[in-house]
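Please look at the structure below and follow the account of how its parts fit together. The paragraphs take up helix packing, a few single residues and some backbone features.

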Amino acid sequence: MSETPAWMKPAPDRAVPPPEIDTSVAHPARVWDFWLGGKDHYPADREVGEQILKALPDFAVIARADREFLGRAVRYLAGEAGIRQFLDIGTGIPTANNTHEVAQVVAPESRVVYVDNDPVVLAHARALLTSSPQGVTRYIDADLREPGSIIEAAAQTLDLEQPVAITLLGIMEFIPSTGEARGIVNRLMDAVPSGSYLAITHPVPGQAMNKAARLWNESGATPVTIRGEEESTSLFDGLEVLDPGIVQLPHWRPDPDTQYADRDFPYFGAVGRKP
Ligand SMILES: C[S@@+](CC[C@H](N)C(=O)[O-])C[C@H]1O[C@@H](n2cnc3c(N)ncnc32)[C@H](O)[C@@H]1O
């Protein structure tokens, strides 16, 4: 029998993390998991997560609102927009309503490629590979800063002659330079045809968010950059931004199940279409 692939190995025992997992500093995927009420984080993640909640108590709710945005955006893309291929970069630790689960309820034949660079996400990737029989899911352990490698690997699963929805939810803030962030988005969108989509969620400036970002950056974790309206809009250059535009997460096409539709959060969600 061939050797078990890395992603098929059992999830890490949190008491004794495998050596490739650095538990000494907070990691984005694990702090996000803490805010979402998951179990896959360590003391350093909790400590920073709690400090940030003191500066911005809404952060746990923002993480949930981001997941709700994912649900509404993917349902729209698989439904009304007719998309059957998804490239979800910065997947995070699997939780409820992962992209393939949402898409395949609408269109069971949906093909979904997940990408993240965190070893804990890799260790849990098995939970993302539970495709419907008609569809496909695949996990790629790769870095957003190397979009060419992501495209090359994704092309083994997705037909890049057909439209693809690329989702970059809660990840672009880890690319410090807006120039580099735009270059990455352009490289990804250049690889997919007209009729493809881009969804982004991203923190925006505000007193509490700026303080939260400062605390995060002082912790030694991968630093974040908060982007204002002009810089955020520039990530959608060359795309048609769908209504209602670049808006606070709960205000993007709320449906009857949207829990936070009446709330204001310093975090935007938007979807653009490649003409
Ligand atoms: C805040 S979490 C968001 C998770 C998920 N997209 C969501 O919206 O719920 C950010 C994710 O991006 C991943 N990430 C950050 N920088 C990355 C990079 N350069 N390449 C690949 N993944 C990255 C982290 O490991 C983490 O899983």
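In this predicted model, helix H3 passes H4 in a right-handed crossing. The two helices pack at an angle of about 40°, and their axes are 9 Å apart. An angle under 35 degrees would count as roughly parallel, and one of 65 to 115 as roughly perpendicular; H3 and H4 are therefore oblique to each other. On the H3 side, the residues that meet H4 are Leu-70, Gly-71, Val-74, Arg-75 and Ala-78. Their partners in H4 are Thr-99, Val-102, Ala-103 and Val-106.

A second helix pair is formed by H6 and H7, the latter spanning residues 178–190. The axes of H6 and H7 are 9 Å apart, with a packing angle of about 25°. Because angles under 35 degrees count as roughly parallel, H6 and H7 are described as roughly parallel to each other. Pro-147, Gly-148 and Ile-151 make the contact from H6, while Ile-184, Arg-187 and Leu-188 make it from H7. The crossing of H6 and H7 is right-handed.

Helix H3 also holds Arg-72. Is this arginine, Arg-72, buried or exposed? Its relative accessibility is 6%, and buried means under 20%, so Arg-72 counts as buried. Setting aside residues up to four places away in sequence, Arg-72 touches Leu-249, Pro-250, Trp-252, Arg-253, Pro-254, Asp-255 and Thr-258.

One of those contacts, Arg-253, lies in the loop between E7 and E8. Arg-253 has a relative accessibility of 31% and therefore counts as partly exposed. Its phi is positive, at about 45°, although Arg-253 is not a glycine. Most residues other than glycine have a negative phi, and most peptide bonds are trans. Asn-97 is another non-glycine residue with a positive phi, in this case near 55°. Asn-97 is found in the loop between strand E1 (85–89) and H4. As for the peptide bonds, the one that joins Asp-243 and Pro-244 is cis, with omega at about 5°. Pro-244 belongs to the loop between strand E6 (240–241) and strand E7 (247–248).

Next comes helix H8, which covers residues 207–218 and has 12 residues. From its first C-alpha to its last, H8 reaches 17 Å, close to the 16 Å expected at 1.5 Å a residue. Which residues of H8 are buried? They are Met-209, Ala-212, Ala-213, Leu-215 and Trp-216. Viewed down the axis of H8, the buried residues fall within an arc of 160°, so they line one face of the helix. The face turned away from that buried side carries the exposed residues Gln-207 and Glu-218.

What do the buried residues of H8 pack against? Their partners include three helices, H1 (28–35), H2 (43–55) and H3 (59–78). Two strands are also packed against by the buried residues of H8, namely E5 (197–203) and E8 (267–273). Helix H3 thus appears both in the packing of H8 and in the pair with H4.

After H8 comes Gly-220, whose phi is positive, near 90°. Ala-221 lies in the loop between H8 and helix H9 (229–234). With a relative accessibility of 5%, Ala-221 counts as buried, because the cut-off for that class is under 20%. Apart from its neighbours within four places in sequence, Ala-221 is in contact with Ala-26 and Trp-216. Trp-216 is itself one of the buried residues of H8. The C-alpha atoms of Ala-221 and His-27 are separated by 6.2 Å, although these residues are 194 residues apart along the chain.

The last residue to look at is Asp-159, in the loop between helix H6 (147–154) and strand E4 (165–169). At 36% relative accessibility, Asp-159 counts as partly exposed. Asp-159 touches Gln-85 and Val-164, when residues up to four places away in sequence are not counted. Asp-159 and Asp-237 are 78 residues apart along the chain, and 24 Å separates their C-alpha atoms.

Note on methods. Residues are numbered from 1 along each chain as its sequence is written. This is a predicted model: local features need pLDDT of at least 70, side-chain atom pairs count only at pLDDT 80 or more; totals for chains, interfaces and linings use all residues. Side-chain values use heavy atoms; hydrogens and water are left out. Helices (H or I, at least four residues) and strands (E, at least two) are DSSP runs, numbered from the N terminus. The expected span of a helix is 1.5 Å times one less than its number of residues. Buried means under 20% relative accessible area, exposed over 50%, partly exposed in between (1.4 Å probe, protein chains only). The arc is that of the directions from the helix axis to the C-beta atoms. Contact means heavy atoms within 4.5 Å. Axes are lines fitted to C-alpha atoms, for helices over the stretch in contact, and angles run from 0 to 180 degrees between N-to-C directions. Angles under 35 degrees count as roughly parallel, over 145 as roughly antiparallel, 65 to 115 as roughly perpendicular and the rest as oblique. A crossing is left-handed if the near helix is turned anticlockwise from the far one by less than a right angle, and right-handed if clockwise.
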